[in-house]
Amino acid sequence: ATIALHRVFNSPQDKFIFDVGHQCYAHKLLTGRAEGFETLRKYGGTSGFCNPAESEHDPLYEGHCGTSLSAALGLAEANRIQGKDDYVVAIVGDGALTNGMIYEALNNCAGKTLNIIILINDNEMSISKNVGGLHRYLSKIRNSKGYFSFKRGFGGFLRKIPLIGKGLAEFFRWIKNGIHKNFLKDNLFEDMGLVYLGPIDGHDVEKLSDVLEEAKTKNAPCVVHMKTKKGQGYSYAEEHPENYHSVGTFTIEQGAASAQMASFSSVAGDYVCELAENDPTVCAITAAMCDGTGLTNFAKLYPERFFDVGIAEEHAITFAGGLSVAQMKPILFLYSTFAQRGFDQFFHDISIQGLPLVLALDRSGIVSGDGITHQGIFDCSMLTALPGVEIYSPESYEDLRFAFTKAVESKALSVVRYPKGQEMIDYEKDLIFIPAKNNEYSYTEGVENAEIVLISYGRICYETYRALRLLEGKHSVGMVKLKKIYPLDFSALEGLTASAKLVYVVEEGIASGGIAEKIAVKLSENGDKKVRIRAIENYVRHGSLQELLQECGLMGEQIAEDITKIVEE
């Protein structure tokens with residue numbers, strides 16, 4: 001399909017907007033980025049998504065689902081205003097058709113005279129298997145492909161008749177609607193006022209090129225519906241397509257490896273199964289992320305209480321609110337970066353209503369390979385704006401279970417945020433930290449008398465503790481590890497930092513409006529101690545976790561060096 005696009009259109013004058021961007025790898029290879037492609041998703045290398053910093057052939061950063069058509073429509077309207085004849089093509093996966101923003105844009109396309117084409121890549125697979133009415137609707141259209149074949153064949157036959165062929169073709173055009181209704185009784189896109197072509201085999205370059213050429217003649221928003229198979233031509237991808245979404249580098253002979261080790265995602269999924277076994281009101285909801293959030297077993301064990309709503313985060317939140325009103329206990333699993341899309345629903349449909357809801361935020365903090373659009377560093381700053389919200393940020397699997405137990409018991413919007421991957425296991429947390437009475441924070445022995453106190457939470461506690469060890473022997477230093485990070489027990493923190501001349505707060509999140517900033521403001525009120533924070537100041541690109549922590553100044557050595565400079569001021 002990408003080859004056909006580049007045959008028919010002239011990039012970068014004609015613009016390609018890939019929805020999400022995972023579909024853009026072949027596009028990158030055809031636009032001068034084949035050399036160095038082995039650096040895909042590596043630090044300083046090729047991005048896993050469209051990236052205008054890489055090439056003029058990528059108009060926009062594209063990482064979240066459902067945004068392509070709105071952006072494409074804006075570009076097409078700008079072309080009209082500026083008198084350009086360029087084309088804009090939005091390449092939209094069928095999974096994106098479960099996202100409401102697409103329909104807002106489709107509705108806005110109706111009746112326009114614009115050179116815009118919507119190429120639907122229909123492979124029956126988004127991230128998890130496609131669900132819902134739109135999936136069934138596309139299946140119905142796929143089974144009506146006889147209409148398009150008949151139309152093209154009949155028209156070609158008429159035009160071959162000498163002298164009168166062209167006239168006959170024009171004469172028979174008026175029966176098109178009757179033929180159309182006979183072969184394809186309803187079509188959502190045409191009902192919305194759009195031209196519809198297809199379905200067509202997306203693996204047939206010649207046929208798809210012909211259809212795209214036809215679409216160019218319409219001078220109106222045109223939907224081209226192509227049918228593809230996820231992973232076609234590569235047996236590993238055909239058999240396990242779920243392993244090839246957002247895939248990084250792998251060997252052709254062995255294929256991409258599936259996750260085997262326990263992770264925060266798998267432990268969260270397993271523990272929610274335990275909660276559901278003992279409580280028939282526990283429900284799990286996800287937005288096309290069943291496998292990614294560890295809910296595969298829950299879906300099998302409790303299908304009547306499992307809901308995959310498709311790529312529709314806003315709907316998922318308000319839907320969970322409806323379950324909550326009816327005395328169920330919904331647990332909504334989202335990636336942190338996608339939860340950003342539903343702030344109004346958290347505000348209007350959950351928080352204002354005073355409804356209990358457990359929000360399980362997977363991929364919180366730095367996310368290594370995905371890059372700028374997928375970092376989970378904004379959730380604390382965003383969600384602490386809501387009165388009454390409770391937020392837990394576990395560092396270990398034990399902390400994760402504790403957090404879910406507390407959150408399910410809560411009567412508020414309770415957030416459990418945790419990182420991608422495994423817990424840090426190469427230091428003895430139980431021997432280092434003394435648990436507080438309420439078990440919502442822990443601290444090192446002697447912290448009450450330390451001159452320097454480090455405060456941190458979540459995965460970055462590991463690097464913070466490394467900094468403590470580097471400072472030991474030179475300074476009197478202690479550390480507090482938060483488990484419940486909002487609202488904070490400031491009286492406890494003030495007691496633990498009473499002797500400190502410097503309080504240094506480390507956060508794997510955005511600095512502005514974050515937890516570290518809130519601690520710094522409160523503990524600085526008396527003016528008798530220095531309070532400094534180390535958090536993320538900018539957008540974060542793609543790379544390994546260690547490389548990105550280094551870039552953000554969050555490695556243990558960097559923290560220790562910064563503290564030493566502050567002390568010596």
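**Note on strands β14, β15 and their surroundings**

1. Both faces of β14 are covered: I452, L454 and S456 on one side, V453, I455 and Y457 on the other, are all buried. Buried means under 20% relative accessible area, exposed over 50%, and partly exposed in between (1.4 Å probe, protein chains only). Strands (E, at least two residues) and helices (H or I, at least four) are DSSP runs, numbered from the N terminus. Six of the six residues of β14 are buried, so the strand is largely enclosed by the rest of the structure.

2. A word on the source. This is a predicted model, in which local features need pLDDT of at least 70 and side-chain atom pairs count only at pLDDT 80 or more, while totals for chains, interfaces and linings use all residues. Residues are numbered from 1 along each chain as its sequence is written, and side-chain values use heavy atoms, with hydrogens and water left out.

3. What does β14 pair with? Strand β14 (residues 452-457) runs parallel to β15, with six bridges between them. Two strands count as paired if DSSP finds at least two bridges between them. I455 has V480 of β15 as its bridge partner. Y457 is matched with L482 in β15. β14 also pairs with β17, again in the parallel sense, over four bridges. There, V453 stands opposite V503.

4. How does the chain get from β14 to β15? Between β14 and β15 it passes through helix α20 (residues 461-471), and this β-α-β crossover is right-handed. Right-handed means that, with the strands pointing away from the viewer, the path from the first strand over the helix to the second runs clockwise.

5. Strand β15 (residues 477-482) has six of its six residues buried, so it is largely enclosed by the rest of the structure. V477, M479 and K481 point one way. G478, V480 and L482 point the other way. Note that K481 is among the buried residues. Strand β13 (residues 441-444) is joined to β15 by three bridges, and these two strands run antiparallel. S442 has K481 of β15 as its bridge partner.

6. Helix α20 holds Y462. Is Y462 buried or exposed? At 16% relative accessibility, it counts as buried. The C-alpha atoms of Y462 and M555 are separated by 9.2 Å, although the two residues are 93 apart along the chain.

7. A second right-handed β-α-β unit deserves a look: β17, helix α22 (residues 515-523) and β18. Strand β17 (residues 502-510) and strand β18 (residues 530-536) run parallel and are joined by six bridges. I510 stands opposite I536 in β18.

8. On the surface, Y61, I372 and Y539 make a nonpolar patch of about 330 Å². Patches are made of residues with over 30% relative accessible area and no salt bridge; like charges are joined within 9 Å, nonpolar side chains (Val, Leu, Ile, Met, Phe, Trp, Tyr) within 5 Å. A salt bridge is a side-chain nitrogen of Lys or Arg within 4 Å of a carboxyl oxygen of Asp or Glu. Accessible areas come from the Shrake-Rupley method with a 1.4 Å probe; for residues, only the protein chains shown count as cover. Y61 lies in the loop between α2 (25-29) and α3 (68-81). Y61 is partly exposed, at 40% relative accessible area.

9. How many disulfides are there? A search of the whole structure finds zero. A disulfide here is a pair of cysteine sulfur atoms within 2.5 Å. C222 is buried, with a relative accessible area of 0%. C380 is buried too, at 5%.
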